[in-house]
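Reader: Before we look at any detail, could you take me through how one reads strand pairing, nonpolar cores and helix faces in a model of this kind?

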Amino acid sequence: MQKITPCLWFDGQAEEAMNHYMSIFKNSKVLSVMRWPEGSPSEGKVLVTSFELDGVEFQALNGGPEFKFTEAVSLSITCKTQEEVDHFWNRLLEGGEPSQCGWLKDKFGLSWQVVPEQLPRLLQDPDKAKAGRVMQAMMQMIKIDIAKLEDAAKG
């Protein structure tokens, strides 16, 4: 059982968001959908969902318009290949906004980082010049390009 579960606050789009994310991530499943009880003003509408994306449990709450997502919190996806980077980047960007250095906001305003597993290794290389070239290359990117990072590392 996962001890800490991120709860994502939505304004009426919790179920839509859950279904969208589950269409992007393999090995995903709905764990539960709780609806407002009979007799309440929002009777039958979704209150909170629980779902799993690649083994990580999330909750999506229809909390109302009071709070919005900011870049202060983001979800980071570690990718093995450029194909995987492209998949997550393109699908999460649908209706959203790109930022820089592998960051984007999805159509719900949630920030994501789509990061190839090679990036931290290259940025932490003991050769400071090599790491610096990789940092410079990354800072010029919107979506991360693994081949360009590796070229920068080679000099």
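Author: Please keep in mind throughout that this is a predicted model. Let us begin with a single facing pair of residues: W9 stands opposite L61, the latter belonging to β4.

Reader: Which strands does that pair join, and in what sense do they run, parallel or antiparallel?

Author: The general idea is that strands of a sheet pair through backbone hydrogen bonds, in either the parallel or the antiparallel sense. Here, β1 (residues 7-10) and β4 (residues 56-62) pair in the parallel sense, with four bridges between them. β4 also pairs with β3 (residues 46-53), in that case in the antiparallel sense and over six bridges, and F58 of β4 is the bridge partner of F51.

Reader: How many residues lie between β3 and β4, and what is found in the turn?

Author: Two residues lie between β3 and β4, which form a hairpin, and in the turn D54 has a positive phi of about 45°.

Reader: What is the order of the strands in the open sheet?

Author: The four strands of this open sheet follow the order β5-β8-β7-β6, with mixed pairing. Because β5 and β6 stand at the edges and each has a single partner strand, one side of each is left without a neighbour in the sheet. Within the sheet, β7 and β8 pair in the antiparallel sense over three bridges, and L104 is placed opposite W112 of β8.

Reader: W112 brings me to the interior; which residues touch the most other members of the largest nonpolar core?

Author: As a general matter, nonpolar side chains in soluble globular proteins tend to be buried together. In this model the largest nonpolar core has 27 residues, and Y21 and W112 are the ones that touch the most other members. Two or more residues of this core come from each of β1, α1 (14-24), β3, β4, β5 (74-79), α2 (82-93) and β8 (111-116), and α1 gives the largest share, six residues. If we leave aside neighbours within four places in sequence, the contacts of W112 include Y21, F25, L75, I77 and L92, as well as W103 and L104. Apart from this core lies another, of 12 residues, among them V115, L122, M138 and M141.

Reader: How should I read a helix, and which residues of α2 are buried?

Author: One can start with the span and then turn to the faces. The 12 residues of α2 should span 16 Å at 1.5 Å a residue, and its end C-alpha atoms are 16 Å apart, which agrees. The buried residues of α2 are V85, F88, W89 and L92, and, seen down the helix axis, the buried residues fall within an arc of 100°, so they line one face of α2. They pack against α1, β5, β6 (97-98), β7 (103-105), β8 and α5 (146-154). Just after α2, G95 takes a positive phi of about 80°.

Reader: Which residues of α4 are buried, and which are exposed on the other side?

Author: In α4 (residues 128-139), A131, V134, A137 and M138 are buried; seen down the axis, the buried residues fall within an arc of 120°, so they line one face of this helix. On the other side of α4, K128 and Q136 are exposed. The cover over the buried residues of α4 includes α3 (118-123) and α5. At the start of α4, a side-chain oxygen of D127 comes to within 3.0 Å of the backbone nitrogen of A129.

Reader: What is found at the start of α5, and which of its residues are buried?

Author: At the start of α5, a side-chain oxygen of D145 reaches to within 3.0 Å of the backbone nitrogen of A147. The buried residues of α5 are I146, L149, A152 and A153, and they line one face of the helix, because they fall within an arc of 125° when seen down its axis. K148 and K154 are exposed on the other side of α5, while the buried residues are covered by elements including α2, β8, α3 and α4.

Reader: Finally, does Q118 count as buried or exposed, and what lies 3.3 Å from a polar atom of its side chain?

Author: Q118, which lies in helix α3, has 12% relative accessibility and therefore counts as buried. The backbone oxygen of K80 is 3.3 Å from a polar atom of the Q118 side chain. Leaving aside neighbours within four places in sequence, Q118 is in contact with C79, K80, I146 and E150.

Key. Residues numbered from 1 in each chain as written. Predicted model: local features only at pLDDT ≥ 70, side-chain atom pairs only at ≥ 80, totals over all residues. Heavy atoms only, no water. Pairing = 2+ DSSP bridges. Core = buried A, V, L, I, M, F, W, Y, C linked by side-chain atoms within 4.5 Å. Buried < 20%, exposed > 50% of the residue type's maximum accessible area, 1.4 Å probe, protein only. Contact = heavy atoms within 4.5 Å. Expected span 1.5 Å × (residues − 1). Arc of directions from axis to C-beta. Polar contact = N/O pair within 3.5 Å; in protein donor to acceptor, adjacent residues only side chain to side chain.
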